[in-house]
Amino acid sequence: MKVAESRFLARLLAFRSGLALTVALAGVAGATVAFADDDVAFVPGNLLLSRSVYDSNAANIAVGAQLPPNCTPGNCVPATADGSYPFVWDNSLVDASFGITAKVVLDQLKPSGELVNSLEVPNSADGLTPTRDQMVTSFPSKSEIALNLSTDGRIVTFMGYLAPIDALDVSNSNTPAVVDPTNPVPGAYSRVVAEVDEHGRFRFTKSNAYSGNNGRAAILNDKDGANVVYMSGNAGNGGNPQPNGIIIGAGLQILTAERDSLAAQNPGLPTPVGSFNVTQLGLKADKTGKDTNFRGLSIFNDVIFTTKAAAATASTRCTSSIPRGFDSNGKPLACPSGVGIPGATAKLPTTPIFYDATQLQTKGVVPYDMCVLAGFPTNLAKTATAFPFGVWFADAKTLYVTDEGNGTTTFDPVSGKYTAAAAQTGAGLQKWVFDASISAWKLAYVLQAGLNLGVPYTVKDYPTGQNPKTSLPWAPAADGLRNLMGRVNRDGTATIWAITSTVSGDGDQGADPNQLVMIRDNLAATSLPAGESFTAVRTARSGEVLRGISFTPGTDRDHLADGDDHGHDRHADAN
């Protein structure tokens, strides 16, 4: 066994057994992490935060190197920056597929944000050979490594890649079994679902889904003997028409959680579990596969919910696919016009869609079994004013949706603000309430106070002044929110934690040091309460990004204890 691999195993054992040791974290040598005092790595009821840490190695890429790696003539551009952070992300300005893989770290926090301990997901930087179980993320890919509790609360799941640290352009690579010859990134890497339990033990499952793009979130359904994983993401990075494997490998996917090592797994073609098309709304058909570019992922009352903002519609979607009833025209009974609410008898699916392969190139994955949640926007992306990302149900009549903002980087040097971000009215945390009289959801209000939208903040050791490549300030500012998680308290409030999105002068805003924020909202309020404001719980350091937030594995959904607030609280449903 290699020395580096021995060090990784020793560190993992120390995490489990309660030893204390000093490791390098967040790119800061000598950072001290205190591990748990007993043999349980994670304490139920605490928070789990995912972050990515870039090694800022200048040698990761040389100025003038051809991008993407191993590109074919006509698809190549020269790198304009070396691997030093954050300047390396200026390469995104010339290579639309640019990214570098980095390690994933899971931080256990008290609900107040105080760090308890940290656990690094196995990766090649620890000396692991390619045949050993491991996973990385693409550092600037802002939609990755969302965290979700499994349906019975035992496991937390998230997604990444089977690739080494510091690999280039992996997030737009093909998958091994689904290769698009028009993809300018010729490499192939499996997408991976990671599971972690309350003892800090990992399991991994490979997938050929999301070829050409990325998997964003995963939830394990492990109730009543089930062992399936639902995933959301996007596929495709090539020309049109797209290969069949790209079309079936986008959107909502289902797979069986593996127990073999990654090296022993041989996944087949992707297996979609949800499908949507704007023609369900009476709109003109778009590029095949474009309507299944999904983002956040949540389960409530045995229904899968996901969001979409970057393509054909900006709306919250729901699946109500079992019983999978269809009318004589092949439209789902739950929402024949493309808009509806889940039926009372809906159940979580345990099998993929049985789609018509002969219609993939013309209609995508049919039959369509998804719909826009009644009351949410159905307009096309080119007219979109909403950019939903994460979804959390406090109860059957109260829904919180994060809006990540429009990403516009207009900056006013006089006010010192990103003015487009500051002027947004829908970005932040949207509260929706269900109106039974019309069987639809209504937007009650948007929580923004304390986010300081568009106002730059400083990060230690991060550049000041302007990025000469963009002529905008390096300093990031909040643009909205992405992943979230919440808890219903005994006093009639809901506590919500969320990850901020940013705007900045960086070549890729996904690489900005962002924040974990929290707010307490009056659950019964239907108009904006006075005095409610977000508090920054944690700000990423230079070389870090924050991505997912969940409760720790082993958390009881119905009896969530929290010593920092009101002791014994009730948790409706995480993520």
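This is a short talk on the strands, cores and single disulfide of one protein model.

Hi everyone, thanks for coming. Please keep in mind that what you see is a predicted model. Let me begin with the overall picture. The protein has 575 residues, and buried ones make up 58% of them. By secondary structure, there are four helices and 34 strands. Of the contacts with a separation of 6 or more, 67% are between residues 24 or more positions apart. As for the surface, about 20,900 Å² is exposed, and carbon and sulfur atoms supply 53% of that area.

Now to one sheet that I'd like to walk through. It is an open sheet of four strands, in the order β9-β10-β11-β12, and the pairing is antiparallel. At its edges are β9, residues 148-149, and β12, residues 202-207, each pairing on one side only. How many bridges hold β9 and β10 in their antiparallel pairing? Two, with β10 covering residues 156-161. If you want a spot to zoom in on, asparagine 148 stands opposite threonine 157 of β10.

Let's step back along the chain to threonine 137, which sits in strand β8, residues 137-138. Is threonine 137 buried or exposed? Its relative accessible area is 2%, under the 20% cut-off, so threonine 137 counts as buried. Its side chain makes a polar contact of 2.6 Å with the side chain of glutamate 144. Beyond its sequence neighbours within four places, threonine 137 is in contact with a set of residues including Ser52, Ile100, Val104, Ile145 and Tyr161.

That list brings us to isoleucine 145, in the loop between β8 and β9. Although this is a loop position, isoleucine 145 is buried, at 0% relative accessibility. Which residue lies 402 positions from isoleucine 145 in sequence, yet 6.1 Å from it in space, C-alpha to C-alpha? That is arginine 547. Arginine 547 is also among the residues that isoleucine 145 touches, along with Met135, Phe158 and Gly548, for example.

Met135 and Phe158 come up again when we turn to the nonpolar cores. The largest core has 32 residues, and those with the most contacts inside it are Leu106, Met135, Phe158 and Leu516. Several elements give two or more residues to this core, among them β3 (47-53), β6 (101-109), β29 (493-503) and β32 (544-551). Three strands of our sheet, β10, β11 and β12, are on that list too. Taking leucine 516 as a closer view, and leaving out neighbours within four places, its contacts include Leu49, Leu109, Trp497, Val537 and Leu546. There is also a second, separate core of 30 residues, with Ile254, Val303, Phe305 and Trp432 among its members.

Last topic: the cysteines. The structure holds one disulfide. Which cysteines does it join? Cysteine 71 and cysteine 76, with the sulfurs 2.0 Å apart. The link is right-handed, with 120° about the S-S bond. How do its two ends fare for accessibility? Cysteine 71 is buried at 14% relative accessible area, whereas cysteine 76 is partly exposed at 27%. Elsewhere, cysteine 371 has a relative accessible area of 0%, so cysteine 371 is buried as well.

That's my tour. If you'd like one place to start looking, try isoleucine 145, with Thr137 and Arg547 both among its contacts. Happy to chat about any of it!

Note on methods:
Residues are numbered from 1 along each chain as its sequence is written. This is a predicted model: local features need pLDDT of at least 70, side-chain atom pairs count only at pLDDT 80 or more; totals for chains, interfaces and linings use all residues. Side-chain values use heavy atoms; hydrogens and water are left out. Two strands pair if DSSP finds at least two bridges between them. A disulfide is a pair of cysteine sulfur atoms within 2.5 Å. Buried means under 20% relative accessible area, exposed over 50%, partly exposed in between (1.4 Å probe, protein chains only). Contact means heavy atoms within 4.5 Å. Accessible areas come from the Shrake-Rupley method with a 1.4 Å probe; for residues, only the protein chains shown count as cover. A polar contact is a pair of N or O atoms within 3.5 Å; within protein, one must be able to donate a hydrogen and the other to accept it, and residues adjacent in sequence count only if both atoms are side-chain atoms. A nonpolar core is a set of buried Ala, Val, Leu, Ile, Met, Phe, Trp, Tyr and Cys residues joined through side-chain atoms within 4.5 Å.
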